[in-house]
Amino acid sequence: MRLRLEARQQPSQTMQWLSPFLAAVLAALGGGVVFALLGHNPATALATLFLAPLATLDGLTELGLKATPLLLCAIGIAVGVRANVWNIGAEGQLTLGAITGGGIALAFGGEGHWWTLPLMLFAGAAGGAFWAAIPALLRTKFNAHEILTTLMLSYVAIQVLGWLVHGPWIDPEGFNFPQTRMFADDAMLPVLLEGARLNAGFLLALLAVPLAWGLLSRTAVGFRLRTVGQAPAAARYAGFSANGAVWFSLVLSGALAGLAGVCEAAGPVGQLQPLMSPGYGFAAIIVAFLGRLHPVGILSASLLMALLYLGGEQLQVTLQLPIAATGTIQGMLLFFLLATDVFIDQRLVFTRGPAHA
Amino acid sequence: MTARLALVGITKRYGAMLANNDVTLSVAPGEIHALLGENGAGKSTLMKIVYGVVKPDAGVIAWEGEPVVIADPNAARALGVGMVFQHFSLFETLTVAENIALGLGSTQPMAELAAEIRQVAAQYGLAVEAERHVHSLSVGERQRVEILRCLLQRPKLLILDEPTSVLTPQEADGLFVMLRRLAAEGCSVLYISHKLEEIRALCTAATVLRAGQVVARCDPRLETAESLAEMMMGGALTHTSRPPAQVGAPCLAVTALTLAADEPFGTTLRDISLELRAGEILGVAGVAGNGQKELLAALSGERRAAAGAVLLQGQPIGALGPAERRARGLAFIPEERLGRGAVAEFTLAENAMLTRLDARTAPHGLLDLGAVNALAARLVARFGVRCSGILAQGRSLSGGNMQKFIVGREIDAQPKVLLAAHPTWGVDIGAALAIRQALLDLAAAGAGVLVVSEDLDELLEIADRIAVLSGGRLSAPMPVGETSVEGIGLLMGGAAHAPAA
């Protein structure tokens, strides 16, 4: 008996939706194996990872907090991928958004202006958009692929932040720790629940879900983007600009990532530090694909990924597992998603008897 | 006499569709046997079964009286089956001899092979130079390379799939001479074509397929083109009717357009001038690869030229893009359907928007799904598109129905000028008829229609004037009444670039 992959006549709608769930289950099982190999009871470890964070109200608000940057970044990435523009440098755009928004907070925070926070958000989005506009320019003028340029610019952004917090923006009263002053209260996002860290940034991220859905499925711009992504020759024939799609989707996703950055700075972090994100911008790539590039799917996927971050912290605290355990499960999630996605276009066939020549 | 190839009860099922249903067919040695049928009738599947690409679900293949299993194309070639596909598989950067060596898997020294190529080429009157690089060959020459590659294996059965669609009439005549010589030597030929006149001229037997089944066997020499078409369609043939048209003012004018090729092995357009008048159909004939793609791109706006080089109703549009030209009344039916004229993954409703995003379907940039769906439903109803509904994916439609949808979408836009590239290529007879009629009606309603086609019969049927594109140059158009197939054929071969009087 042999196993063989056979092309389906039509892509399977069932697998299209089932695949992310299968991937999540397989990643959990794979995680269990890893925990067992590390000498822990896999059931306890998995419960710590996936269930413990959901048991308390505090855990749920933390879930929303962690989902916020993931959701914002992933929605931008997904809009880009639908147009076949691959922004994998959301991490850098997020970092730049934190710098520009944080710069406003440091300059005007505490002076009591009503416009400080709105200006910070705008500056954060503009900073991320600017950082993503560089790859857009390189792509449209010099045909340099955005996969490389967005990724490389991420590291540049992190170096810029490092230079700022070690040098010009360092807190003079901070015992030479590489970080800025804490933001003043009027430069902080309002919290949604007394005593929790969940803030208004979560609402902004939730707002992005219907807006992105409407953009993609109910506007001419979104239709043009999808056409450029799906069939470039058809887009040329229709007269939809491929360069326009590159600019639009990179600037949009950069702005969303930048917004995520300033929300981190003006939210849970409250200042600028050398690292503003534990890889939210990169994890968001997984979130975008796990959510099937659909805004509603991405919302669910961002919550799952946020759970992994939270559960990972719990594992560190209670089982003394390294933070790499979280990364391992994230990686397995993407790996299993790619594997189960194979079955969207193909199916497994059992054949009896010897192979034909 | 034992049949060279006998197929008995061949059945092949793809999911719910029976591609071949109990097909029985027999080819005698030295016979030129036509396989006729509309698109989707099962001709290609049957030939793939004979060539070992596809395995039948049931049925027997007998080769010279012996039942055989043809597991793969190597086994088919070992038996003596050669096949010339519609789309060539040649490496453009290699020479003719190198391509043939690759195809044969031959280890013999190149000089020896080249000598053999020359000898076989001379034997069958195939003008091919073994040392030439394939990219420098015309389409007709490339086909000769493909045929030569088969002949070097001394086939007993040669299968040709639509071989004349890329040839000038003179080249086609040359091919027929070669095939008759081959048949006289005892080689059988299976000939797939939808050009009924050439089947009547060439073939001595015919098997007609419809919906996967054999519906008729006949001697095409004793039939008329009309009776053959009726066998294929299973019904009486209707004709296009040409409504009287008033030829009016020029609606599209091209003046001295020169445009360098934008890709390797592309064609440079040289000094092209043409004038299309309202109410007329101008046919552009020519063998593929002589600048058709480039001319259409320059007219549709996918490639820009000097503003004044292209005038639409007197307004310079040469520097505008496709969407801007469309807004000014230019519509375009492209050569490729899925991927260009329509998106395979989009629904028909979305595909309707592709060229019809305007104030009605997308006021203020927001899609009006009601208006979009109404448009798609209107196109489906008005042009008889067979589909499961306007939410059917583009890929689920047959080629002919997708083309009817695209043609309908462009005509429904009520353009002042319509460009149509190979509008009925690969479309079954019924749909082709409907498409030609739609083009005639549009012209009668006062639009100018420019049709680029390799199908000379089609151009002679619907065009008022015909010009020939050859080597990137366009001949002066001639009224159809004053042209002959021979005259156009000579121009297609590049015989005369001098403008006709």
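**Figure 1. Contacts of Thr45(B) in helix α1 of chain B****.** In this predicted model, Thr45(B) touches Lys12(B), Tyr14(B), Ala19(B) and Asn20(B), leaving out residues up to four places away in sequence. Contact means heavy atoms within 4.5 Å. Thr45(B) sits in helix α1 of chain B. Helices (H or I, at least four residues) and strands (E, at least two) are DSSP runs, numbered from the N terminus. Is Thr45(B) buried or exposed? Thr45(B) is buried, because its relative accessible area is 13%. Buried means under 20% relative accessible area, exposed means over 50%, and partly exposed lies in between (1.4 Å probe, protein chains only). Val8(B) is 37 residues from Thr45(B) along the chain, and 15 Å separates their C-alpha atoms.

**Figure 2. Gln437(B) and its contacts****.** Gln437(B) belongs to helix α14 of chain B, residues 429–444. Its relative accessibility is 17%, so Gln437(B) counts as buried. Which residues does Gln437(B) contact, leaving aside neighbours within four places in sequence? They are His239(B), Thr240(B), Ser241(B) and Pro243(B).

**Figure 3. An aromatic pair between chains A and B****.** The whole structure holds 10 aromatic pairs over all chains. Rings of Phe, Tyr and Trp (its six-membered ring) pair if their centres lie within 6.5 Å; planes under 30 degrees apart count as stacked, over 60 as edge-to-face and the rest as tilted. Tyr237(A) and Phe332(B) are edge-to-face, because their planes meet at 65°, with ring centres 5.7 Å apart. This pair crosses between chains. Tyr237(A) lies in helix α9 (residues 232–238) of chain A, and Phe332(B) in strand β16 (residues 330–333) of chain B. Tyr237(A) has 0% relative accessibility, so it counts as buried. Phe332(B) is at 3%, so it counts as buried.

**Figure 4. An aromatic pair within chain B****.** Tyr51(B) and Phe85(B) pair edge-to-face, 5.9 Å centre to centre, with 75° between the planes. The pair links distant parts of the chain, 34 residues apart. Tyr51(B) is in the loop between α1 (43–50) and β4 (58–63) of chain B. Phe85(B) is in the loop between β6 (81–84) and α3 (96–104) of chain B. Tyr51(B) is buried, with a relative accessible area of 6%. Phe85(B) is partly exposed, at 33%.

**Figure 5. A ring cluster with members from chains A and B****.** Ring pairs join Phe223(A), Phe240(A) and Phe346(B) into a cluster.

**Figure 6. Chain A as the setting****.** Chain A has 13 helices and 2 strands. Its radius of gyration is 22 Å, which agrees with the value near 21 Å for a compact globule of 357 residues. That radius is taken over C-alpha atoms, and the globule rule is 2.2 Å times the number of residues to the power 0.38. Along the principal axes, the C-alpha atoms of chain A fill a box of roughly 80 × 60 × 30 Å. Of the 357 residues in chain A, 52% are buried. Among contacts in chain A between residues at least 6 apart in sequence, 78% join residues at least 24 apart.

**Notes.** Residues are numbered from 1 along each chain as its sequence is written, chains are lettered from A and ligands numbered from 1 in the order in which they are written. Because the model is predicted, local features need pLDDT of at least 70 and side-chain atom pairs count only at pLDDT 80 or more, while totals for chains, interfaces and linings use all residues; side-chain values use heavy atoms, without hydrogens and water.
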